[in-house]
Amino acid sequence: MASWDRLRALALVVDGFRTEKRSVDVSSQFTRVTTTVVFAGGGAEGRGEDVTYTAEDHDWFPEPELPGRTTLGEFSAALDGLTLFSGEPKMAAAGDYRRWALESAALDLALRQNGVSFAEATDREYQPVRFVVSTRDDAFAWLAASPELELKLDPENEWERSFMERLAATGRVRVLDLKAYYTGTPVDVVPDPELYRTIVELFPDVVIEDASLDGACGDALRGEEARLSFDAPIHSVADVQALAVQPGWMNIKPSRFGTVARLLECIEYCDAKAIRMYGGGQFELGLGRMHIQALASVFYPDGPNDVAPSEYNAGGPRAGLPQSPLPRPTGPGF
């Protein structure tokens, strides 16, 4: 792992720690809560965001030992023994989400203390980031407000063919997320081979994310492997290797990997296997959004990145929002 080998040796001083909780009322049924980890040392601070979805899982947070002078690699290894939750979290993936908050905060601090950017530390360059807007609202209203937007949409079994024909005719849909690997969430979609066949027919150039490969659904996607992508099942290189097909695409959400090392291992594996990548967000409320934008800027700037600025989550369709591509990040840190 060339990138991690460069990062793990970074000198790091950690002698302070605190957390900052944020929340936004999304609806009467859902309040989005995240926790920002702040590590301090050497006159600098580094931050990382815990995107665990269940609000009550943010009520308790571990306090890692503060080693003083160390390296990023040594500090990451020491986190292996840390108890991340006081009890069992509501979602199995929450352990990775919390670990990523700690890891990304340590990475941010190490970069700042060494006066380098993430791009410089990995011997790469930042590039402008193409982004798509992921929405479950009225796609046509978004395009009316900003005709140049590119979209990532979540098809539903209730979508009629005429509606899908109108969407396809816009030429602005880049990713369709079928969410076949979510269970017990408000966004679950039961795999439907008829929906899959219609998508294949009407959207011949669109990336198809998280589709079921079982039974008639898999039959509907035969020959479409080059535009298949996966997200929810992927937490490591081993998960990519375990897929029934080699997809053409991968949605990289860093918090799903837990550690910086596992994230970079997967990115480099996808590069080696010619699997194209794009970034994905998880309703970050703070700097976690900038972290996924920085990763996209270094590793997959031209992909259909689901990393739109947070202003897109703060209201409905309207003019005046930042447009793609995002400018290159600047300054030291993550």
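Let me start with strands β11 and β12. In this predicted model, β11 covers residues 249–252 and β12 covers residues 276–279; the two run parallel and are joined by four bridges. One pairing to pick out on the screen is asparagine 251, whose bridge partner in β12 is tyrosine 278.

Between those two strands comes a helix. Together, β11, α10 and β12 make a β-α-β unit, and the unit is right-handed. Helix α10 is made up of residues 260–272, 13 residues in all. At 1.5 Å a residue the helix should span 18 Å, and because its end C-alpha atoms are 18 Å apart, the model agrees with that expectation.

Which residues of α10 are buried? They are Val260, Ala261, Leu263, Leu264, Cys266, Ile267 and Cys270. As background, an α-helix has 3.6 residues a turn, so residues three or four places apart point the same way. Just after α10, alanine 274 takes a positive phi, about 60°.

Next, the sheet. Five strands form an open sheet with parallel pairing, and their order is β6-β7-β8-β9-β10. At the edges stand β6, residues 133–135, and β10, residues 228–229. Each of these has a single partner strand, so one side of each is left without a neighbour in the sheet. On the β6 side, the partner is β7, residues 151–153, which runs parallel to β6 and is joined to it by three bridges. Within that pairing, serine 134 stands opposite lysine 152 in β7.

Strand β6 comes up again in the pockets. The largest pocket has a volume of about 1,700 Å³. Its lining has 48 residues, and those nearest the pocket centre are Phe30, Tyr53, Arg136, Val187 and Phe283. Two elements give two or more residues to this lining, namely β2, residues 16–25, and β6. The largest share comes from β6, with three residues. By class, the lining of the largest pocket divides into 20 nonpolar, 14 polar and 14 charged residues.

The second largest pocket has a volume of about 460 Å³. It is lined by 24 residues, and Met290, His291, Gln293, Pro329 and Phe334 lie nearest its centre. Here the elements giving two or more residues are α3, residues 94–113, and α11, residues 288–299. Helix α11 gives the most, five residues. The class split for this second lining is eleven nonpolar, seven polar and six charged.

Now to closed space. How many cavities of 30 Å³ or more does a search of the whole structure find? The search finds one. The space in this largest cavity is about 90 Å³. It is lined by 13 residues, and the closest to its centre are Trp100, Ser255, Glu284, Gly288 and Ile292. Helix α11 provides the largest share of this lining too, with three residues. The cavity lining has four nonpolar, six polar and three charged residues.

Since α11 has now appeared twice, a few words on the helix itself. α11 has twelve residues and reaches 17 Å from its first C-alpha to its last, close to the 16 Å expected at 1.5 Å a residue. Is α11 enclosed by the rest of the structure or open? Eleven of its twelve residues are buried, so α11 is largely enclosed by the rest of the structure. The buried residues include Gly288 and Ile292, both of which are also among the residues closest to the cavity centre. His291 and Gln293 are buried as well, and these two lie nearest the centre of the second largest pocket, along with others.

Two loop residues to finish. Tryptophan 60 is found in the loop between β4, residues 44–50, and β5, residues 68–71. Its relative accessibility is 37%, so tryptophan 60 counts as partly exposed. Its C-alpha atom is separated by 45 Å from that of methionine 164, 104 residues apart along the chain.

The other is aspartate 15, in the loop between β1, residues 11–14, and β2. Is aspartate 15 buried or exposed? At 52% relative accessibility it counts as exposed, because the cut-off for exposed is over 50%. The C-alpha atoms of aspartate 15 and glycine 41 are separated by 5.3 Å, with the two residues 26 apart along the chain.

Conventions
Residues are numbered from 1 along each chain as its sequence is written. This is a predicted model: local features need pLDDT of at least 70, side-chain atom pairs count only at pLDDT 80 or more; totals for chains, interfaces and linings use all residues. Side-chain values use heavy atoms; hydrogens and water are left out. The expected span of a helix is 1.5 Å times one less than its number of residues. Buried means under 20% relative accessible area, exposed over 50%, partly exposed in between (1.4 Å probe, protein chains only). Two strands pair if DSSP finds at least two bridges between them. A crossover is right-handed if, with the strands pointing away from the viewer, the path from the first strand over the helix to the second runs clockwise. On a 1 Å grid over the protein atoms alone, a cavity is a set of points where a 1.4 Å probe fits but cannot get out, and a pocket is an open set with protein on both sides within 12 Å along at least five of seven lines; lining residues have an atom within 4 Å of a point. Grid points are joined across faces, edges and corners, and a volume is the space filled by probe spheres set on the points. Ala, Val, Leu, Ile, Met, Phe, Trp, Tyr, Cys and Pro count as nonpolar, Asp, Glu, Lys and Arg as charged, and the others, Gly among them, as polar.
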